[in-house]
Amino acid sequence: MPRILNARQIAFSSDRIHDCKESLGTEFHLMIDHALSVGWSLDEVAVALNGLVAEEIAVPERAITLH
């Protein structure tokens, strides 16, 4: 079932999101484990990652594409 992000009216399939999460999962968990191992709290890591995602989405040259 497609999802829509209201702010940008972007539609994407839940199957693609699931596949993407699986593809990124190992590296994502390694990155979080590394941040925790050097002293950051899980809350700090989550907020930092959220900010990085927001910055990435905000760059016009990195426009979100539909598949």
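**Briefing: a β-β-α-α model**

The protein averages a pLDDT of 82 (pLDDT being the predictor's confidence in each residue, from 0 to 100), and 73% of its residues score at least 70. That score comes with a predicted model, in which local features need pLDDT of at least 70, side-chain atom pairs count only at pLDDT 80 or more, and totals for chains, interfaces and linings use all residues. Residues are numbered from 1 along each chain as its sequence is written, and side-chain values use heavy atoms, leaving out hydrogens and water.

**Overall layout**
- You'll find 2 helices and 2 strands here, taken as DSSP runs numbered from the N terminus (helices are H or I, at least four residues; strands are E, at least two).
- Reading from the N terminus, the order is β-β-α-α.
- Confidence bottoms out in strand E1 (residues 2-5), with a mean of 49, and peaks in H1, at 94.

**Surface and burial**
- Just 7% of the 67 residues count as buried, where buried means under 20% relative accessible area, exposed over 50%, and partly exposed in between (1.4 Å probe, protein chains only).
- The protein exposes about 5,900 Å², with carbon and sulfur atoms supplying 61% of that; the areas come from the Shrake-Rupley method with a 1.4 Å probe, and for residues only the protein chains shown count as cover.

**Helix H1**
- H1 covers residues 14-37, and its 24 residues should span 34 Å at 1.5 Å a residue (1.5 Å times one less than the number of residues); the end C-alpha atoms sit 32 Å apart, which agrees.
- At the start of H1, a side-chain oxygen of serine 13 comes to within 3.2 Å of the backbone nitrogen of aspartate 15.
- H1 has a kink of about 50° centred on glycine 25, the bend being the angle between axes fitted to the seven residues ending there and the seven starting there.
- Gly25 is also one of the buried residues of H1, along with Ile32 and Ala35.
- Helix H2 (42-58) is among what covers those buried residues.
- Just after H1, glycine 39 takes a positive phi of about 110°.

**Methionine 31**
- Methionine 31 lies in helix H1 and is partly exposed, with a relative accessible area of 43%.
- Methionine 31 and valine 45 are 14 residues apart in sequence and 9.5 Å apart in space, C-alpha to C-alpha.

Key. Contact = heavy atoms within 4.5 Å. Polar contact = N/O pair within 3.5 Å; in protein donor to acceptor, adjacent residues only side chain to side chain.
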